[in-house]
Amino acid sequence: PHLPLTASLGRPLFWAAERASTNVTALEWAAQGLPHGSVVTAAVQTGGKGRRERAWVSPQGGMWFSVLVRQPCALHHAPDLTLLASLAVWRALAESGVSAEIKWPNDILVAGQKVCGILAQMRADGEWVDHAVIGIGINANFPAEQLPEEIRHRATTILSACGFALERPRVLAAILTELDRLYRGLATGEGFASVRREWLAHCQTIGRDVEVAIGNEIVRGKAVDVDDQGSLLVELADGNVRQLHSGEVLFSGS
Ligand code: BTN
């Protein structure tokens, strides 16, 4: 409600004390003509959605919001939308004194534990993305004890990891400002490739032994690079390199 007027994303902004899922609301409203740049947020989500059909626990104190993007974007640039979002979050957190890392493709970690996840849901029209809802969830100002027991070994909150609370309106404004800048580049053909170096500098995944889940398949090897398309390059035991367009890094070793 107190969003500083710095970003052209975030107008209008729809705040509510509670929603099932800001992504679900944004997708529904998108179908009814909600304009580009709209943000749907909620203090609490009762049915927050994570990747891979998981639930996303979203208590009071977190940042739960979805950005509607209606901007011409070729389907093959779809991964850029989430990769650029992770960079926007990284930059905004850095501005607030949080030193974070990106885990490919778009998780944000602090001290090796996840504090932010991004869920992009797109509607395509032929070779083009018609619109995309970029859902961002940040475990900000609540203690890690409120996270489900099953994820406590790999997830935390800013409050618990850093010992301070985020100024949420300021962080939201910063994320939207950065996102706006990065997405404008996308419109002129400068997608992820143009910020890949910066993104890689913040990425913790490269150089590690990884296990990546792609649907039901598990790929094991060493993460060697992320290419201009945002794909993870994994060197397999036989020396071949596999290009993974999407997936989830389940485990990363040294
Ligand atoms: C992940 O599994 O890492 C993605 C989590 C995405 C959570 C955010 S919170 C705001 C938006 N609304 C949702 O229901 N999910 C996303």
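**Notebook: ligand shell and annotated sites**

I located Lys114 in strand β9. The model I am reading is predicted.

Entry on Lys114. I looked up its burial class: Lys114 counts as partly exposed, because 17 C-beta neighbours lie inside 10 Å, while a buried residue would need 20 or more. I then listed its contacts, leaving aside neighbours within four places in sequence, and found Asp107, Leu109, Arg154 and Ala155.

Entry on the annotation. I consulted the UniProt record, an unreviewed entry, which places the feature "binding site" at Ser21, Thr22, Asn23, Gln45 and Lys114.

Entry on Gln45. I found Gln45 in strand β4, residues 44–45. I asked myself whether Gln45 is buried or exposed. Gln45 is buried, because 27 other C-beta atoms lie within 10 Å and the threshold is 20 or more. Neighbours within four places in sequence again left aside, I noted that Gln45 is in contact with Arg19, Ala20, Ser21, Thr22, Ser58 and Trp64. Two of these partners, Ser21 and Thr22, also appear in the UniProt "binding site" feature.

Entry on the ligand shell. I asked which of the 21 residues around the ligand come nearest. These are Ser21, Gly50, Gly117, Gly135 and Gly137. I then recorded the elements that give two or more residues to the shell: helix α1 (22–31) and the strands β5 (63–69), β9 (113–125) and β10 (128–138). Strand β9 is also where I had placed Lys114. By class, I recorded 11 polar, six nonpolar and four charged residues in the shell around the ligand. Ser21, listed among the nearest residues, is also one of the positions that UniProt annotates.

Methods. Residues numbered from 1 in each chain as written. Predicted model: local features only at pLDDT ≥ 70, side-chain atom pairs only at ≥ 80, totals over all residues. Near = placed C-beta within 6 Å. Helix = DSSP H or I, 4+ residues; strand = E, 2+ residues; numbered from the N terminus. Nonpolar A, V, L, I, M, F, W, Y, C, P; charged D, E, K, R; others polar. UniProt positions renumbered as here; feature names shortened; annotations may be inferred. Buried ≥ 20, exposed ≤ 12 C-beta atoms within 10 Å, placed from the backbone. Contact = placed C-beta atoms within 7 Å.
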